[in-house]
Amino acid sequence: MPAPNRRPGARRRTINEINMVPFIDVMLVLLIIFMVSAPLMSPGVVDLPSVGQAQRQPDHLIEVIIENAERVRVRLDGQGQGERVAFKGLAGQVEALQGGSRHTPVVIAADKGVAYEVVVKAMDTLQRAGVQRVGLAVRTTGT
């Protein structure tokens with residue numbers, strides 16, 4: 001028996017609307033979860049260096065000056081021109097200048113024309129030799 005309000009042979013119309021109520025319910029539940037859990041989360045602590053420690057210079061500093069791919073100069077505390085050594089003897093010379101203290105910082109200075117690969121090779125050589133603190137010298141531009 002057909003429905004009383006429908007004509008015989010008439011088709012049902014499809015509904016072209018999306019029911020938004022379940023979507024809104026889910027979003028409200030998620031909002032409540034985030035509002036409740038946000039105060040319980042502890043923020044990550046980042047230990048930043050202070051200005052007083054950043055300005056302090058180390059007692060001794062070993063400087064490695066890269067001239068080209070085969071020759072480097074090594075000097076202690078920026079005194080004099082430095083001793084020229086072959087690239088293969090770099091690690092031994094730095095270890096001799098450190099005097100057993102592997103925590104003496106080593107700064108690598110290279111000309112702009114020196115290939116970046118040579119600088120990375122010097123850093124790798126020093127780190128493989130067990131030098132703890134290796135850095136790069138940069139020129140700061142005043143503003």
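Student: Which residue stands opposite I62 in β2?
Tutor: Let's start with the two strands, bearing in mind that this is a predicted model. Strand β1 covers residues 62-66 and strand β2 covers residues 71-76, and the two pair in the antiparallel sense. Across from I62, in β2, stands L76.

Student: And which residue stands opposite V64 in β2?
Tutor: V64 falls within β1, which spans residues 62-66. The antiparallel pairing of β1 with β2 runs over five bridges. Opposite V64, in β2, we find V74.

Student: How many residues lie between β1 and β2 in their hairpin?
Tutor: β1 comprises residues 62-66, and β2 comprises residues 71-76. The stretch between them closes a hairpin. The count of residues between the two strands is four.

Student: β2 and β3 form a hairpin too, so which residue in the turn has a positive phi?
Tutor: β2 and β3 pair in the antiparallel sense over four bridges. Their hairpin has six residues between the strands. In that turn, a positive phi of about 55 degrees belongs to D77.

Student: What is the order of the five strands in the open sheet?
Tutor: We have already met two neighbouring pairs: β1 with β2, and β2 with β3. The sheet as a whole is open and has mixed pairing. Its strand order is β3-β2-β1-β4-β5.

Student: Why is one side of β3 and of β5 left without a neighbour in the sheet?
Tutor: β3 spans residues 83-86 and β5 spans residues 134-136. Both stand at the edges of the sheet. One side of each has no neighbour because each has a single partner strand.

Student: By how many degrees are neighbouring strands of this sheet turned against each other on average?
Tutor: The sheet in question is the open one with order β3-β2-β1-β4-β5. With direction ignored, the average turn between neighbouring strands is 30 degrees.

Student: Which strands does helix α3 touch as it packs on the sheet?
Tutor: Helix α3 is made of residues 90-98. Its direction makes about 5 degrees with that of β2. The strands that α3 touches are β1, β2, β3 and β4.

Student: Where around the axis of α3 are its buried residues?
Tutor: The buried residues of α3 are L90, A91, Q93, V94 and Q98. They cover an arc of only 165 degrees around the axis, so they lie on the same side of α3.

Student: What do the buried residues of α3 pack against?
Tutor: Among these residues are L90 and V94. Their packing partners include four strands of the sheet and one helix. In full, they are β1, β2, β3, β4 and α4.

Student: At about how many degrees to β4 does helix α4 run?
Tutor: Helix α4 is formed by residues 116-128. It lies across β1, β4 and β5. Relative to β4, helix α4 runs at about 165 degrees.

Student: Which residues are linked in a network of salt bridges?
Tutor: R73 and E67 meet through their side chains, with N and O 2.7 Å apart. R84 also forms a salt bridge with E67, its closest N and O atoms being 3.6 Å apart. This second pair links distant parts of the chain, R84 in strand β3 and E67 in the loop between β1 and β2. The linked residues are E67, R73 and R84.

Student: Is R73 buried or exposed?
Tutor: R73 has R84 as its bridge partner in β3. R84 is exposed at 52% relative accessible area, while E67 is partly exposed at 27%. R73 has a relative accessible area of 14%; as buried means under 20%, R73 is buried.

Student: D124 and R128 are separated by about how much of helix α4?
Tutor: The side chains of D124 and R128 meet in a salt bridge, at 2.9 Å from N to O. D124 is partly exposed at 33% relative accessibility, and R128 is exposed at 69%. The two are four residues apart in α4, so their separation is about one helical turn.

Student: What pattern does the protein follow along the sequence?
Tutor: The protein has four helices and five strands. Read along the sequence, they give α-α-β-β-β-α-β-α-β.

Note on methods
Residues are numbered from 1 along each chain as its sequence is written. This is a predicted model: local features need pLDDT of at least 70, side-chain atom pairs count only at pLDDT 80 or more; totals for chains, interfaces and linings use all residues. Side-chain values use heavy atoms; hydrogens and water are left out. Two strands pair if DSSP finds at least two bridges between them. Axes are lines fitted to C-alpha atoms, for helices over the stretch in contact, and angles run from 0 to 180 degrees between N-to-C directions. Contact means heavy atoms within 4.5 Å. Buried means under 20% relative accessible area, exposed over 50%, partly exposed in between (1.4 Å probe, protein chains only). The arc is that of the directions from the helix axis to the C-beta atoms. A salt bridge is a side-chain nitrogen of Lys or Arg within 4 Å of a carboxyl oxygen of Asp or Glu.
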